[in-house]
Amino acid sequence: MDRVLIRQLKIETVIGVYEWEKKIHQSLLIDLDMAWDNKPAAASDDYQHALCYETVSNRLTALITEKPIELIETVAEMTANCLMTEFDVPWVKVTVMKPGAVPSAAAVGVEIERGQY
């Protein structure tokens, strides 16, 4: 199976468990590896057969900024569920990083894999 990749999709949203975090926007960086059969798109050079990374990016931005979320684990699960149900992606690896969450680390994050590859 081929993969469609999105790297460091930056989403500004309300994320966190502390009260001060619930009053500000913070950045999340999301990496996606999505299983997708690229052969039909490549053979036809037809956009309709491709998994559109712009459409995916816009949908995830809307989903994640829709309401405040406390945990990046929730963001990862929401992302995987959206990709599998709305875009028919059979397998996905989602990495969600939260830069600056721990002062001594560049970023902290979670990574999940869902579906069948």
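1. Surface first. Accessible areas here come from the Shrake-Rupley method with a 1.4 Å probe, and for residues only the protein chains shown count as cover. On that basis the chain exposes about 6900 Å², with carbon and sulfur atoms holding 52% of the accessible surface. Keep in mind that this is a predicted model: local features need pLDDT of at least 70 and side-chain atom pairs count only at pLDDT 80 or more, while totals for chains, interfaces and linings use all residues. Residues are numbered from 1 along each chain as its sequence is written, and side-chain values use heavy atoms, with hydrogens and water left out.

2. Overall layout. The chain has three helices and four strands (DSSP runs numbered from the N terminus: H or I of at least four residues for helices, E of at least two for strands). Reading from the N terminus, the order is β-β-α-α-α-β-β. Along the principal axes, the C-alpha atoms fill a box of roughly 50 × 25 × 20 Å. Of the 117 residues, 38% are buried (under 20% relative accessible area; exposed is over 50%, partly exposed in between, with a 1.4 Å probe and protein chains only). Taking contacts (heavy atoms within 4.5 Å) with a separation of 6 or more, 60% are between residues 24 or more positions apart.

3. The sheet. It is an open one, with four strands in the order 1-2-3-4 and antiparallel pairing (two strands pair if DSSP finds at least two bridges between them). Strand 1 (3–13) and strand 4 are the edges; each has a single partner strand, so one side of each has no neighbour in the sheet. On average, neighbouring strands are turned by 15° against each other, direction ignored (axes are lines fitted to C-alpha atoms, for helices over the stretch in contact, and angles run from 0 to 180 degrees between N-to-C directions).

4. Strand register. If you want to check the pairing by hand, go pair by pair. Strand 1 and strand 2 (residues 26–35) are joined by nine bridges, and valine 4 has methionine 34 in strand 2 as its bridge partner. Strand 2 and strand 3 share six bridges; there, aspartate 33 stands opposite lysine 93 in strand 3. Between strand 3 and strand 4 there are nine bridges, with valine 92 partnered by arginine 114 in strand 4.

5. Helices on the sheet. Helix 2 (residues 53–65) packs on the sheet and touches strand 1 and strand 2, its direction making about 35° with that of strand 1. Helix 3 (residues 72–86) lies across strand 2, strand 3 and strand 4, and runs at about 30° to strand 4.

6. The core. The largest nonpolar core has 29 residues (a set of buried Ala, Val, Leu, Ile, Met, Phe, Trp, Tyr and Cys residues joined through side-chain atoms within 4.5 Å). Its members that touch the most others are Ile30, Leu32, Met34, Val56, Leu83, Val94 and Val96. Strand 1, strand 2, helix 2, helix 3, strand 3 and strand 4 each give two or more residues to this core, and the largest share, six residues, is from helix 3. For a local view, try leucine 83: beyond its neighbours within four places in sequence, leucine 83 contacts Leu32, Met34, Val56, Leu60, Asp88, Val89 and Val92.

7. The aromatic pair. Just one turns up (rings of Phe, Tyr and Trp, the last by its six-membered ring, pair if their centres lie within 6.5 Å; planes under 30 degrees apart are stacked, over 60 edge-to-face, the rest tilted). Tryptophan 91 and tyrosine 117 meet edge-to-face, 4.7 Å centre to centre and with 65° between the planes. Tryptophan 91 sits in strand 3 (residues 91–99) and tyrosine 117 in the segment after strand 4 (107–115), so the pair ties together parts 26 residues apart in sequence. Tryptophan 91 is buried at 6% relative accessibility, whereas tyrosine 117 is exposed at 52%.

8. Two backbone spots to look at. Most residues other than glycine have a negative phi. Aspartate 45, in the loop between helix 1 (39–44) and helix 2, has a positive phi near 55° and is exposed at 73% relative accessibility. Aspartate 88, in the loop between helix 3 and strand 3, also has a positive phi near 55°; its relative accessible area is 60%, which counts as exposed.
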